[in-house]
Each structure stands twice: as C-alpha cells, then as structure tokens.
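This briefing covers strand pairing, two connected polar sites and the empty spaces of one protein chain. The sequence and the coordinates come before the notes.

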Amino acid sequence: DDNFEDIELLLQQTIPQLYRVVAPGCHMYMFCSMLQFHIMHEACKQSGFRVDDQALIWTKGKGINQSPLTRHTHTYEICLFATKGIGKSFLRTSMTDIFQYPPPSNKRHIAEKPTALLAEFITLSSVPGDIVLDCFCGSGSTLVAALQLGRGCIGFDKNPYCVELSVARCAETLASPVCSGIEQIGDTEPLEETHDTPRIYKRGL
C-alpha cells in the first residue's frame, strides 16, 4: 500500500544494508516496475553492487486488462539482477533472460510470484546449505522455495499479515516430507513491536 516515494526511500535505506550483510559473489534478484528499474539500478550501483543493465523477464502467458479497447494486456514483469563483486558462476548454462511460468492461481498477496520461478533463481544461484535472504517476503514464496530446495532462509516484512502468512507457509513446508531433516533455528513468534521477524532454517547435519 506504500506510495512510490515511500518505496523509493525504503529501497535507498535497505540496499546499502543488503550490500553490507550478504556474502561476496552472491546473486540478487529484485522484481520491480519499469519506473522503479532505473532508481533501483542506481541505488544498487551506489551501494557497490554490480548490476546488469538488461532486466530479466518473467512472462506469465496471460494477464488481466481492465481496458482491453484502449490498453495492451500486460503479460510480463521485469527483475533486476545484481551481484556483490564478481558473481559466482551460475549452476546451469545455456539459459536466457526470459523465464516463463504461469502466475499463482490463488494469490495471497498482490505481488506474489510463482514458487517455481523463485525456485529456478535459487537453483541457479545457490547450493543446498546456503542461506536465501528475502527482505520483503510478502506471501513467503521465496522462503518456501528455499526450504524445499534444502537452503536456509531469512525473511522480513513490515506487514503483520505477511509475517503471519509466511510463518504459516514455512511451518507447513517444514512439516512436509520434502523437508525431512531440516532444523529450525531462530525466532518462532512475530516480534510484537515491529512485526519484523527473522526466520532461519538450516538442513540438519
């Protein structure tokens, strides 16, 4: 529900801290609008990230158009890609910058992305045991994908609804057979004052 100025300020405050805490060589994916891309690109560069000038494209295959006689139907979103220093090599070759996945059928968040798309990014950029950080976790899809792939995860969101939803989805994922052997470490309840709840999960040794 934030306006554009609030989002811009939040990103300018968050991105330098991201650069401070993430590991050298890590990969960063940030979905944004065309209008936000330049702002995020510059903020990432100023913080020290190496940023691709060309956006990644998530094509959905279908879209919703409230004014089909006067506007084109939007069927894609863009994603900024950056690395801290010289990025680690991708774990797969011969891929393009276009990723085709249908949108979630029952969205729980306005900006929810398909778990399969996020899982592809995680698979390309990390190995089991790595930790995936999502500072705006929304519906928790990134955290779910990380857990399913044997990664650790840390998620934040200032919206209490998003925190509770992410916690519930992580708990459900941890209880599934695919996550057998994963140990939960860290807070188990939302922080009452800020609702910013870091959660870390690691595969047991």
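Phe49 has Lys84 as its bridge partner in strand S4. This pairing belongs to the contact between strand S2 (residues 49–51) and S4, which is antiparallel and counts three bridges. The model is predicted. Its protein chain holds five helices and nine strands.

**Strand S4 and its partners**

- Strand S4 covers residues 76–84, and seven of these nine residues are buried, so the strand is largely enclosed by the rest of the structure.
- Strand S1 (residues 27–32) runs antiparallel to S4 and is joined to S4 by six bridges.
- Within S4, Cys79 is the residue that stands opposite Phe31.
- Strand S3 (residues 56–59) also pairs with S4 in the antiparallel sense, here over four bridges.
- Leu56 stands opposite Cys79 in S4, and Cys79 is likewise the residue opposite Phe31.

**Strands S6 and S7**

- S6 (residues 131–134) and S7 (residues 152–155) run parallel, with four bridges joining the two strands.
- The side chains of S6 alternate along the strand.
- On one face of S6 are Val132 and Asp134, both buried.
- Ile131 and Leu133 point to the other face of S6 and are not buried.
- Leu133 has Ile154 of S7 opposite.

**Glu112**

- Glu112 sits in a loop, with strand S5 (98–100) on one side and helix H3 (115–125) on the other.
- The relative accessibility of Glu112 is 5%, and the residue therefore counts as buried, the cut-off being under 20%.
- A polar contact links the side chain of Glu112 to the backbone nitrogen of Arg108, at 2.6 Å.
- With neighbours within four places in sequence left aside, the contacts of Glu112 are Pro104, Asn106, Lys107, Ser139, Ser141 and Arg169.

**Arg169**

- Arg169 is part of helix H5, which spans residues 160–174.
- Arg169 has a relative accessibility of 10% and so counts as buried.
- A polar atom of the Arg169 side chain lies 3.0 Å from the backbone oxygen of Ser139.
- Arg169 and Gly140 are 29 residues apart in sequence, while their C-alpha atoms are 6.8 Å apart in space.
- Leaving aside neighbours within four places in sequence, Arg169 is in contact with Arg108, Glu112, Thr115, Ser139, Gly140, Ser141 and Val144.
- Ser139 and Ser141 are among the contacts of Arg169, and both are also among the contacts of Glu112.
- Arg108 is in contact with Arg169, and the backbone nitrogen of Arg108 is reached by the side chain of Glu112.

**Second largest pocket**

- The volume of the second largest pocket is about 340 Å³.
- This pocket is lined by 18 residues.
- Nearest the centre of the pocket are Lys60, Lys62, Gly63, Ile64 and His74.
- Its lining divides by class into five nonpolar, seven polar and six charged residues.

**Cavities**

- The model has two cavities of 30 Å³ or more.
- The second largest cavity encloses about 30 Å³ of space.
- Helix H1 (4–21) and helix H2 (34–47) are the elements that give two or more residues to the lining of this second largest cavity.
- The lining of that cavity consists of Phe4, Ile7, Glu8, Leu11, Gln36, Ile39 and Met40.
- H1 supplies the largest share of this lining, with four residues.
- By class, the cavity lining has five nonpolar residues, one polar residue and one charged residue.

**Chain as a whole**

- The order of elements from the N terminus is α-β-α-β-β-β-β-α-β-α-β-α-β-β.
- Of the 205 residues in the protein chain, 40% are buried.
- Taking contacts between residues at least 6 apart in sequence, 62% join residues at least 24 apart.

Note on methods:
Residues numbered from 1 in each chain as written. Predicted model: local features only at pLDDT ≥ 70, side-chain atom pairs only at ≥ 80, totals over all residues. Heavy atoms only, no water. Buried < 20%, exposed > 50% of the residue type's maximum accessible area, 1.4 Å probe, protein only. Polar contact = N/O pair within 3.5 Å; in protein donor to acceptor, adjacent residues only side chain to side chain. Contact = heavy atoms within 4.5 Å. 1 Å grid on protein atoms, 1.4 Å probe; cavity = no way out; pocket = protein on both sides within 12 Å on 5 of 7 lines; lining within 4 Å. Points joined across faces, edges and corners; volume = space filled by probe spheres on them. Nonpolar A, V, L, I, M, F, W, Y, C, P; charged D, E, K, R; others polar. Pairing = 2+ DSSP bridges.
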